[in-house]
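Please open the structure in your viewer and keep the selection panel at hand. The tour below moves from a whole chain to single elements and then to pairs of side chains.

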2 protein chains.
Amino acid sequence: MDEVVKIPVKALKEFVSAVLIKHDISRENSVIVAEVLVTADQRGVSSHGVQRLIQYYTSRIKNGVIIPNSRMEIIKETPCTLHVSGGDGLGQVTSVKTMRRVIEKAKENHLCVASVFHSNHYGIAGYYSMMALEHDLIGISLTNSSALVVPTFGRNALLGTNPISVAAPARTEWPFVLDMATATAPLGKIELYKREKKPIPLYWGTDNEGIPSSDPEIVIDSAISRKGGLLPIGGADEESAGHKGYGLGFLVDILTGVLAGGAFSINVWKDKTKPANVCHFFAAIDPKAFIGLDEFKDRMDEYIRMLKDSSKARGKERIYVHGEKEYELFSAQKEKVTIMKQVVDEFRDMGRELGIDVPF
Amino acid sequence: MDEVVKIPVKALKEFVSAVLIKHDISRENSVIVAEVLVTADQRGVSSHGVQRLIQYYTSRIKNGVIIPNSRMEIIKETPCTLHVSGGDGLGQVTSVKTMRRVIEKAKENHLCVASVFHSNHYGIAGYYSMMALEHDLIGISLTNSSALVVPTFGRNALLGTNPISVAAPARTEWPFVLDMATATAPLGKIELYKREKKPIPLYWGTDNEGIPSSDPEIVIDSAISRKGGLLPIGGADEESAGHKGYGLGFLVDILTGVLAGGAFSINVWKDKTKPANVCHFFAAIDPKAFIGLDEFKDRMDEYIRMLKDSSKARGKERIYVHGEKEYELFSAQKEKVTIMKQVVDEFRDMGRELGIDVPF
């Protein structure tokens, strides 16, 4: 296990924001990114949290992949649709601002879909779908990403891990928050197995000929070189429904890269010195246009309780609903959040380098 | 292998239509159902084709589960949304008529979502998503269904096989048509293994304690009694991403049963003597509101070719795109379609009984 420390949430957000301001990001935008990153840590998704600040964001600003003062632009707008260019700015900023507008429009017209291109890595997909919850809307958030996943019967990684997130409000239960990559397992998990020298299950990834492999090092090399790669949900075969995971990953890229007119497949961040042209899809649906809000929330509660209260498989103690584990972690980490000590040490170095006070 | 015969498509559709007319279905509506059922056979999905005519439709009309002269009704309508009651009529009729309206509205306003309750089994989900293709729209079709699938770590079947279908137009390539149940394998496939006395993979279903079983008979009994059941895509464990398949199945029921205000989970067709209250979700998205139609179709072609032309895994000869196999089967079965002899014999008996000429 990595050594971890507990950091006050407020101080961590201020630090992340201050670092971004030093990289020519406006205060307003830096606050958005800090909020998205720290929320990921609070929800227990540290792989998409502040540990990515330097590798994914500040270094990409320095390298010209992310344009700090870009302006996002609405290319086309109708009462229920938005086509947005992110201007190669920070993915979180473009996504939060787009989703805010999607929510406004869905409150007016009961439905809105936005398609975004010229964006960048946006962190956890669930942040944006969850924005809809406080407005009593169902939220949807999809993104494409650098290719790491092989299609069924393929030898080369051609699809990103392209996540799907949908959030739906409940009344007294936690909302439903699905936030799932369309690969069986994330690369970060395979890296953990590599460090621990443990074999991985055969449905996580392939060797460089597209054959499932239990060697984490081989699978990581395959994914990064795109000769082989991660396997979609369902693994390598049709018998285990791998073609369904492949279909979902392709679907996400159709609704993001293809529909928005940005990069798709291996063209996402093709030239590492240039903007990545990542694409997103956001939507909000108003239950008021259908069964009505009160009844929708009551029915969500009823369904969630049915699932949770139902009999458990032999040897299992609990049935989870999607988002529940993360809400529990968030509740426990409202004031202080667990961060890897290694990341905190990196932040202290960065603070010294940039002349930013590190209050933790 | 079952004995099969080749039947002229036109004659088969006329027969199905005539049978339905004898069950008090109007000519117009009977033609819709015949079209949906025979299309499933032509696309190679015989499990959802004419073999279900008696068991799923005419017997349910006789039993009062499906109301022959019901009128569907638009409960609520806004420029981009529709809330529809199917009046407990035939699922295909309600779905085709709703999807036609969804398409009209999406052509006017670039986007439309419909939520339908008080419907019945609608056949292949892909029929409705594909209706959008000839109008150059992206089509979406979801439905809930009788509970057969266990949630992750659960012992009881609480979710239907709840399929997801999305269709997106291409220019010269076949369109993308994803049409996938959210269980790993369908019950019908497990029945085939039972007849052939073959063990099934451990990620298809569980015994009556929720533990994966390789015995097809045990799994079928579990699913039907709902003590145990089929496994979602990804199987029984989180390690194999079973919670993702579970999440997708639950999501489909949220967007259908919960949102429409009809039955969800085990309440779908709870009392076998009464209407099933099946729910659907339909949507259409207009690429013109985003990158534009021509560019969308060109990009689809490019992507599909990239996938198909990419290197194959060792030992594999072809990479498929979703819908491709079915389009090839459909093309080969435009005039004559393969039907199980047993089904044709059943039709001959039914023809005699109802006084309908059986021209095959």
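What percentage of the 360 residues of chain A count as buried? The model is a predicted one, and in it 61% of the residues of chain A fall into the buried class.

**Chain A as a whole**

Begin by selecting chain A and colouring it by secondary structure, which comes to eleven helices and nine strands. The radius of gyration of this chain is 20 Å, close to the 21 Å that the globule rule gives for 360 residues, so chain A is as compact as a globular protein of that length. If you draw a box along the principal axes, the C-alpha atoms of chain A fill roughly 55 × 50 × 40 Å. Should you display contacts between residues at least 6 apart in sequence, 67% of those in chain A join residues at least 24 apart. A surface representation of chain A exposes about 13700 Å², of which carbon and sulfur atoms supply 50%.

**Helix α2 of chain A**

Next, select residues 27–42 of chain A, which form helix α2. The 16 residues of this helix should span 22 Å at 1.5 Å a residue, and the end C-alpha atoms are indeed 22 Å apart, so the expectation and the model agree. Twelve of the 16 residues are buried, and α2(A) is therefore largely enclosed by the rest of the structure. Among them are Ile32(A), Val33(A), Val36(A) and Leu37(A), together with Asn29(A) and Asp41(A). To see what covers the buried residues, add further elements of chain A to the selection, including α1 (9–21), α3 (53–62), α4 (91–109) and β9 (336–340). Just after α2(A), stop at Gly44(A), where phi is positive at about 85°.

**Salt bridges in chain A**

Now turn to charged side chains, which form 43 salt bridges over all chains. Select Arg171(A) and Asp298(A), whose side chains meet in a salt bridge with an N to O distance of 2.6 Å. This pair links distant parts of the chain, since Arg171(A) sits in the loop between β6 (164–168) and β7 (176–180) while Asp298(A) belongs to helix α9 (residues 293–309), 127 residues apart. Arg171(A) is partly exposed at a relative accessible area of 39%, and Asp298(A) is likewise partly exposed, at 39%.

Are the partners in the next pair, Arg318(A) and Glu324(A), buried or partly exposed? Their closest N and O atoms are 2.9 Å apart, forming a salt bridge; Arg318(A) counts as partly exposed at 28% relative accessibility, whereas Glu324(A), at 6%, counts as buried because the cut-off for that class is under 20%.

**Moving to chain B**

In chain B, select Arg299(B) and Glu295(B), whose side chains meet in a salt bridge at 3.9 Å, N to O. Both lie in helix α9 (residues 293–309) of chain B, and because they are four residues apart there, about one helical turn separates them. Arg299(B) is buried, with a relative accessible area of 10%, while Glu295(B) is partly exposed at 38%. Back in chain A, by way of contrast, salt bridges that share partners join Glu77(A), Arg101(A), Glu104(A) and Lys105(A) into one network.

Finish at Ser222(B), in helix α7 (residues 216–225) of chain B. This serine is buried, with a relative accessible area of 2%. Leaving aside residues up to four places away in sequence, Ser222(B) touches Thr206(B), Asp207(B), Asn208(B), Lys227(B), Gly228(B) and Gly229(B).

Methods
Residues numbered from 1 in each chain as written. Chains lettered and ligands numbered in written order. Predicted model: local features only at pLDDT ≥ 70, side-chain atom pairs only at ≥ 80, totals over all residues. Heavy atoms only, no water. Helix = DSSP H or I, 4+ residues; strand = E, 2+ residues; numbered from the N terminus. Buried < 20%, exposed > 50% of the residue type's maximum accessible area, 1.4 Å probe, protein only. Contact = heavy atoms within 4.5 Å. Expected span 1.5 Å × (residues − 1). Salt bridge = Lys/Arg side-chain N within 4 Å of Asp/Glu carboxyl O. Rg over C-alpha atoms; globule rule 2.2 N^0.38 Å. Areas by Shrake-Rupley, 256 points an atom, 1.4 Å probe, with all protein chains shown as cover.
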